[in-house]
Amino acid sequence: MVIEIRDITKTYQTGDVALQVLKGITFTINDGELCAIMGPSGSGKSTLMNILGCLDTPTSGEYLLDGENVAEFDETRLARVRNRKIGFVFQSFNLIKRTSALDQVQLPLLYAGVDEKERHKRATAALAAVGLGDRMDHKPNQLSGGQQQRVAIARSLVATPSLILADEPTGNLDSRSSVEVMDIFQRLNAQLGITVVFVTHEPDIAEYTHRIIRVRDGYLGADERVPHTKSAADELASRSEPIQIHATA
Amino acid sequence: MAQTVTAPAPIVPPPVPTIVPGKRVDENRKIAGDMTQLDLLSEPPHFRKGGGGVPLSESFMSSLYSLSSNILRTGLTMLGIIIGVAAVVTLLAIGNGVVADARDKVTANGTNIISISAANANANGIPTPDSTNSLTYEDALALQDPQNCPDCAAISPEIRAGGTLIAGSARTFAPIYGVLPSYAEVHSYNAVVGTFLVDEDITSNVQSVALGATVATTLFGEDDPTGKTIRINGNSFKIAGVMEAKGGTGFGSRDNAVYVPLPIASAKFTGNRQRSTGSGKSVNGIDIKAASTESVGKAMAEVSDLLNIRHRTRNNTPDFQVTNQADQIKAAEENQRTQQIFLLVIASVSLLVGGIGIMNIMLVSVTERTREIGIRKAIGAKERDILTQFIVEAVLISLLGALIGVIIGVSSSLIVSATWKRTIISPESVVLAVAFATAIGLFFGVFPAQRAARLRPIEALRYE
């Protein structure tokens with residue numbers, strides 16, 4: 001999925017005070033990219049992500065998804081885009097309380113009107129893919145932070161979206177869980193060709209991508225290629241097991 | 001924070017992953033998951049045509065789950081509906097019982113009975129305090145003449161009074177009916193022991209009395225009282241017999257009364273109002289048995305004609321009224337319907353208050369679950385999906401409340417019926433109450449549900 005934003009601004013009006021968070025950002029992310037958005041706190045990264053995820057609307061500027069202007073979508077169309085085209089992963093996981101992992105992951109499919117058998121099959125596969133095949137009946141309060149984030153990722157990918165957006169997906173995770181999340185993103189990108197865009201402010205996490213977009217004070221700071229993209233799978237293999245891994249896929 | 005001390009778990013070395021040559025690395029690393037599973041997700045799912053939407057059964061189950069996660073709150077919210085529905089079901093059951101009782105009482109006498117009462121008497125034939133009782137014993141005697149009223153088979157005038165009955169050491173208070181022997185025929189009322197009053201009692205002014213079944217039991221237990229003497233308001237009466245039990249309870253029951261000759265009752269037990277006037281001995285009412293069911297109309301006309309002449313009716317406003325059973329049943333039903341409407345209005349107010357309670361709690365629920373709504377919208381729930389979820393929840397509260405109300409209403413009707421008075425539960429009232437309660441839930445659920453559905457996803461997600 002091709003993302004194109006042109007001169008996006010966003011102003012929050014609080015009483016008499018107007019706060020401009022985004023001051024005109026333009027970039028294009030092509031189909032199949034794995035891309036990190038970096039920037040210090042308050043630079044407008046999250047606002048940008050919410051706009052990209054069709055959760056928020058820009059004050060001015062254009063957002064084109066596969067060439068179509070999102071501003072012209074009505075509420076139902078937006079819901080459908082969020083449901084089928086975009087998978088969103090939040091920093092705070094945003095799982096629904098008292099609901100099992102399997103039910104959480106099935107939810108997007110429920111809203112998409114997928115029949116029960118296929119829902120179950122896909123949700124099971126998605127959870128197994130993120131390593132929670134044995135925790136499907138667990139509720140959020142029975143899972144660690146890393147596991148909750150993996151449930152959220154399974155939920156974002158279960159409908160096979162063209163785009164996964166993640167707002168600081170590793171922000172609340174330890175370094176090993178973070179690398180695991182990167183591993184999943186790299187796999188989704190490589191195996192399923194899903195465009196993955198995520199926000200981070202950890203430079204070493206950004207090195208698992210092909211491209212880094214830097215945001216500073218609401219402006220586009222820099223847009224650079226990553227010269228040597230790290231493999232999360234290799235990193236995990238070298239860290240944990242005292243054994244040598246010979247085979248690669 | 002309290003810390004619990006647990007025994008250290010035995011240290012088990014993690015299983016050494018075995019490398020299967022030629023397989024993917026992932027399969028050797030359990031924690032990162034089974035990436036081969038992604039192959040199952042390589043294609044998008046089969047979306048339902050027409051844009052999907054959550055099936056109602058799913059909304060139903062998730063609402064049930066959500067309600068059961070806070071039983072106390074759900075129960076309290078339901079309470080208004082439960083009380084309202086239980087009240088409707090019980091009140092209607094009691095009302096139906098009263099109407100049926102009235103109908104049975106009237107039809108038990110046969111369907112060819114005509115009643116004459118003073119014009120300003122109420123439905124039960126009891127004159128209002130300021131009325132002059134226009135009917136007399138002499139009117140009844142005139143009606144007995146076959147030439148005046150050929151379609152009348154039997155005429156039974158009656159005087160109603162009350163008095164203290166004493167038999168030995170036993171005493172009770174009971175209605176006293178001053179009647180003629182024809183009373184037995186008109187009301188199909190027979191003695192089981194001894195006899196009812198006989199013609200000689202009237203002609204010779206014999207102080208004899210027939211006891212209603214309840215009075216007999218109260219004063220004499222299981223003994224046969226025939227031939228014994230009781231004192232009624234200080235006068236001695238010889239007991240002629242005991243009447244059959246007719247059933248029924250309360251003031252109107254014939255079982256709890258005694259029957260004495262009319263002329264004696266008129267002379268000894270009536271107040272000034274009912275004492276003989278210039279035109280004769282005043283009576284409270286006259287019941288007439290028509291010769292046949294078909295001749296009821298003719299008999300009524302004959303009675304009216306005769307009384308109009310005797311009472312010198314002017315301007316077409318007679319001082320008496322002639323009714324038959326159909327009229328009486330109708331009057332009783334009308335009376336009951338008015339009361340029922342009144343009671344239903346009260347019960348509806350309870351349902352309405354219950355509905356407002358539902359709306360209140362649904363608004364609280366929407367606020368509490370703002371973040372959840374945001375999450376659902378972020379992963380693709382449409383306005384319609386959220387709307388359905390909350391409406392289903394509101395309707396479920398009222399529907400469950402209504403069903404519990406029906407259970408309580410039906411059981412209390414059965415209890416009332418077993419201990420106090422007859423009740424008839426009509427299926428229509430149950431269906432009506434449940435439907436009305438559900439409609440209330442729907443009505444009061446829509447506003448909170450719309451509020452939830454219209455939340456902007458980003459604002460809902462930011463809500464703390």
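# Exercises on a predicted model

A:Asp7 is partly exposed, because 13 other C-beta atoms lie within 10 Å. The structure is a predicted model. The exercises below start from this residue.

## Exercise 1: two residues with positive phi

Task: Find where A:Asp7 sits. Then decide whether A:Thr160 is buried or exposed.

Solution.
- Step 1. A:Asp7 belongs to strand β1 (residues 3-14) of chain A.
- Step 2. Its phi is near 55°, which is positive although the residue is not glycine.
- Step 3. Turn to A:Thr160. This residue lies in the loop between α5 (145-157) and β7 (163-167) of chain A.
- Step 4. Phi of A:Thr160 is near 45°, again a positive value in a residue other than glycine.
- Step 5. Now count neighbours. A residue is buried if 20 or more other C-beta atoms lie within 10 Å of its own. A:Thr160 has 21 C-beta neighbours inside 10 Å, so A:Thr160 counts as buried.

## Exercise 2: a sheet in chain A

Task: Which strands stand at the edges of the open sheet of six strands in chain A?

Solution.
- Step 1. Write down the strand order: β6-β7-β8-β3-β9-β10 of chain A. The pairing is mixed.
- Step 2. Look for strands with a single partner. These are β6 (86-89) and β10 (219-225) of chain A, so one side of each has no neighbour in the sheet.
- Step 3. Add the twist. From one strand to the next it averages 15°.
- Step 4. Take one pair. Strand β9 (residues 211-216) of chain A pairs with β10(A) in the antiparallel sense, over six bridges.
- Step 5. Pick out one bridge. A:Val215 has A:Leu220 of β10(A) as its bridge partner.

## Exercise 3: a helix pair in chain A

Task: How are α3(A) and α4(A) oriented to each other?

Solution.
- Step 1. Two packed helices are described by the angle between their axes and the distance between the axes.
- Step 2. Helix α3 (residues 101-112) of chain A packs with helix α4 (residues 116-129) of chain A at about 125°. The axes are 9 Å apart.
- Step 3. α3(A) and α4(A) are therefore oblique to each other.
- Step 4. Their crossing is right-handed.
- Step 5. Identify the contact. α3(A) contributes residues including A:Ala101, A:Leu102 and A:Val105, and among those of α4(A) are A:Arg119 and A:Arg122.
- Step 6. Sort the contact residues by class. Eight are nonpolar, one is polar and two are charged.

## Exercise 4: a helix pair in chain B

Task: Which word describes the orientation of α9(B) and α12(B)?

Solution.
- Step 1. Helix α9 (residues 325-368) is in chain B. Helix α12 (residues 427-453) of chain B packs with α9(B) at an angle of about 25°. The axes are 9 Å apart.
- Step 2. Angles under 35 degrees count as roughly parallel. α9(B) and α12(B) are therefore roughly parallel to each other.
- Step 3. The crossing of these two helices is right-handed.
- Step 4. In the contact, α9(B) brings residues including B:Gly354, B:Gly355 and B:Met359, while B:Phe436, B:Phe443 and B:Arg451 are among those of α12(B).
- Step 5. The classes are 16 nonpolar, four polar and one charged.

## Exercise 5: one residue of α9(B)

Task: Is B:Ile341 buried or exposed?

Solution.
- Step 1. Locate B:Ile341. This residue is in α9(B).
- Step 2. Count neighbours. With 9 other C-beta atoms within 10 Å, B:Ile341 is exposed.
- Step 3. Check a distance. The C-alpha atoms of B:Ile341 and B:Leu92 are 9.7 Å apart, and 249 residues separate the two along the chain.

Technical notes. Residues are numbered from 1 along each chain as its sequence is written. Chains are lettered from A and ligands numbered from 1 in the order in which they are written. This is a predicted model: local features need pLDDT of at least 70, side-chain atom pairs count only at pLDDT 80 or more; totals for chains, interfaces and linings use all residues. Axes are lines fitted to C-alpha atoms, for helices over the stretch in contact, and angles run from 0 to 180 degrees between N-to-C directions. Helices (H or I, at least four residues) and strands (E, at least two) are DSSP runs, numbered from the N terminus. Angles under 35 degrees count as roughly parallel, over 145 as roughly antiparallel, 65 to 115 as roughly perpendicular and the rest as oblique. A crossing is left-handed if the near helix is turned anticlockwise from the far one by less than a right angle, and right-handed if clockwise. Two residues are in contact if their C-beta atoms, placed from the backbone, lie within 7 Å. Ala, Val, Leu, Ile, Met, Phe, Trp, Tyr, Cys and Pro count as nonpolar, Asp, Glu, Lys and Arg as charged, and the others, Gly among them, as polar. A residue is buried if 20 or more other C-beta atoms lie within 10 Å of its own, exposed if 12 or fewer, and partly exposed in between; C-beta atoms are placed from the backbone. Two strands pair if DSSP finds at least two bridges between them.
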